[in-house]
Structure formats: structure tokens, C-alpha cells
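Subject: Handing over the structure

Hello,

Here is the structure I promised to pass on to you. Have a look at it first, and then read on for what turned up.

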Amino acid sequence: MPLLRRVVAVLSRLLATSRDRGVVDVLGSSTRWGWGWLTGGPRARRAPGGFGWDGRTLPYFVHGYHYTWLNERAVEVALALDLLERHPGAEVLEVGNVLGHYADVSHVVVDKYEQAPGVLNADVADLDLGRTFDLVLAISTLEHVGLDEDDLDPAKPARAIERLRAHVRPGGRLWITHPVGYNPSLDAQLRSGEIPSSRMRALVRERHRNSWREVVPEEAWGTPYDRLLYTAHAVVVVEIDAR
């Protein structure tokens, strides 16, 4: 039955997206994704390439879990691992169990739903660990808060960010990646400054291949999220420094 439910869910998504984007567009996107899934992993591992970020070139991150060569994980995980490498010895809190699927991690991880060894199940909006950290990371996680839950609450991500800020020690940093278009309410709060940040940068994806380039945030806002393939076409990186 679980397999049947997944098949029904995929077919429903295909039909719904076809009504919005047209059958030809959906067939083309599905075919490209399928071909990329079949052939892209080995090809990406042989020649992973790289993307520009803050005056440097970083390699795309290639991994079989969630097929990173097809989506925003190729840049998000690359950026997060680079950040950790540049802060050796930092005490780290990660909200959303992401990096543990791709690398050996020893830092504290909080995830409301995912059951895994060493993962603390807690609601980020109520988080109180009784300690602070040098780095607090949230990789494509906060857009789900207050949206993909039983009770819709557009203000909940802002409360979650406040709780995370309280866990950053002076001189530390809260670092967030956010897929544009998935949660329009959170988009608006970040874009307007209602949720203040110290720095904000962005990446946008080429439409038909998983190649990314750095842009100013204003070029990223308004980019639609691909709900057929659950893929972002723009990612905003938000940094909040603790003083």
C-alpha cells in the first residue's frame, strides 16, 4: 500500500502540474529528470564542475542520496561543508537532519520528525537547549516550519529563527539556506527585512540543467519553485551574526 500511495501521489502531481504548465512542458521536464537520474550521477562524479561563490569556485556536491546532481543540494551541501571546513573546532548546531546523510558529522542535530541515531526530536520554534553554539545551520529546513505541519502558521518560521538566534553565542553566526518560492510567506518576510539579516546572497539555476550562478538576491526573489520535481530554481543564503 505505501508504494501504491506514492504512485497515486506522483500521478496526482503530474496531473495538477499539467493543468498549470501544460502537458508538453511536464513531459519534457519529466523526461529530462528521468534521463538525468539514469545517467547523470556517474557523469557528474567524473566531471563535477563548480560554481562561483563569493569570489571563489566551489565544486558541486555529488551524492546518490536525493540525487544531488539534479537539485539544489548540489550547491547547498557544498556551501555548508565549505563553511564547516573554514571553522574547524567550532561548536555546531544543525536544525534539520541534512548533513548526516552526506558526511560523518559529530555536531548536535535537531529534527522534529526524523528518527535517527543522535538526532534530537524537538520543535525548532520552542527550542531551548540551554547552551549556545559558534555556528547554527539550517539547510532548506525553515521553509517547512508552519507550512508542512498540521497547523498552518505563517509567523512560525520567524519565531523559529528567533529561537535559533538565541542559541548563537557572541561572535557566532546563524546560517540558513532557503529555496525561493516554496514558502511565499517566508520569502516575503526575508525579502522585506521583516526577518532581519546581516548578509544575504543568492544562487539561481539554469532552467534545463543543474548549473548554478551567484546573483544579487533581488534577481532570485520571485523565481517559481518546481513542485513537479520538488526542485528549487533559486536559493537564498541568509546569515545572521550574533554580537
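Where does tyrosine 67 lie? You will find tyrosine 67 in the loop between β2 and α3. Before going further, please keep in mind that this is a predicted model. With a relative accessible area of 32%, tyrosine 67 is partly exposed. Together with Trp35, Trp37 and Leu38, Tyr67 makes a nonpolar surface patch of about 470 Å².

From there you can move on to helix α3, which covers residues 73-85. The helix has 13 residues and spans 18 Å between its first and last C-alpha, close to the 18 Å expected at 1.5 Å a residue. Eleven of the 13 residues are buried, so α3 is mostly covered. Charged residues are found among the buried ones too, including Arg73, Glu76 and Asp82.

Next, the interior. The largest nonpolar core has 31 residues, and Leu142, Leu164, Leu174, Ala220 and Val236 touch the most other members. Two or more residues each come from β3, β6, α4, β7, α5, β8 and β10. The most come from β10, which gives four residues. A second core is separate and has 28 residues, with Trp53, Phe61, Leu79 and Leu99 among them. Leu79 is also one of the buried residues of α3.

Alanine 220 deserves a click of its own. If you leave aside neighbours within four places in sequence, alanine 220 is in contact with Val180, Ala202, Val204, Val215, Ala234 and Val236.

Helix α5 (residues 184-192) is another element to look at: Leu186, Asp187, Gln189 and Leu190 are buried there. The buried residues of α5 pack against α4, β7, β8 and β10. Right after α5 comes glycine 193, with a positive phi near 90 degrees.

Positive phi values also turn up in residues other than glycine. One is aspartate 54, with phi near 55 degrees, in the loop between β1 and β2. Another is tyrosine 230, with phi near 50 degrees, in the loop between α6 and β10. Tyrosine 230 is partly exposed, at a relative accessible area of 47%.

Now for the charged pairs. How many salt bridges does the structure hold? There are 20 salt bridges. Here are three to try:

- Lysine 112 pairs with aspartate 123, their closest N and O atoms being 3.2 Å apart. Lysine 112 sits in the loop between β4 and β5 and aspartate 123 in the loop between β5 and β6, so the pair ties together parts eleven residues apart in sequence. Lysine 112 is partly exposed at 33%, whereas aspartate 123 is buried at 18%.
- Arginine 165 and glutamate 162 form a salt bridge at 3.2 Å, N to O. Both belong to helix α4, and because they are three residues apart, about one helical turn separates them. Arginine 165 is partly exposed at 33% relative accessibility, and glutamate 162 is partly exposed at 44%.
- Aspartate 241 meets arginine 199 at 3.0 Å, N to O. Aspartate 241 is in strand β10 and arginine 199 in strand β8, so this pair links parts that are 42 residues apart in sequence. Arginine 199 is partly exposed, at 32% relative accessibility.

That last pair belongs to a network: salt bridges with shared partners join Asp54, Arg173, Arg199, Arg201, Glu239 and Asp241. Aspartate 54 is thus one you have already met, in the loop between β1 and β2.

Enjoy exploring!

Best wishes

Terms used
Residues numbered from 1 in each chain as written. Predicted model: local features only at pLDDT ≥ 70, side-chain atom pairs only at ≥ 80, totals over all residues. Heavy atoms only, no water. Expected span 1.5 Å × (residues − 1). Buried < 20%, exposed > 50% of the residue type's maximum accessible area, 1.4 Å probe, protein only. Contact = heavy atoms within 4.5 Å. Patch = residues over 30% accessible without salt bridge, like charges linked within 9 Å, V, L, I, M, F, W, Y side chains within 5 Å. Areas by Shrake-Rupley, 256 points an atom, 1.4 Å probe, with all protein chains shown as cover. Salt bridge = Lys/Arg side-chain N within 4 Å of Asp/Glu carboxyl O. Core = buried A, V, L, I, M, F, W, Y, C linked by side-chain atoms within 4.5 Å.
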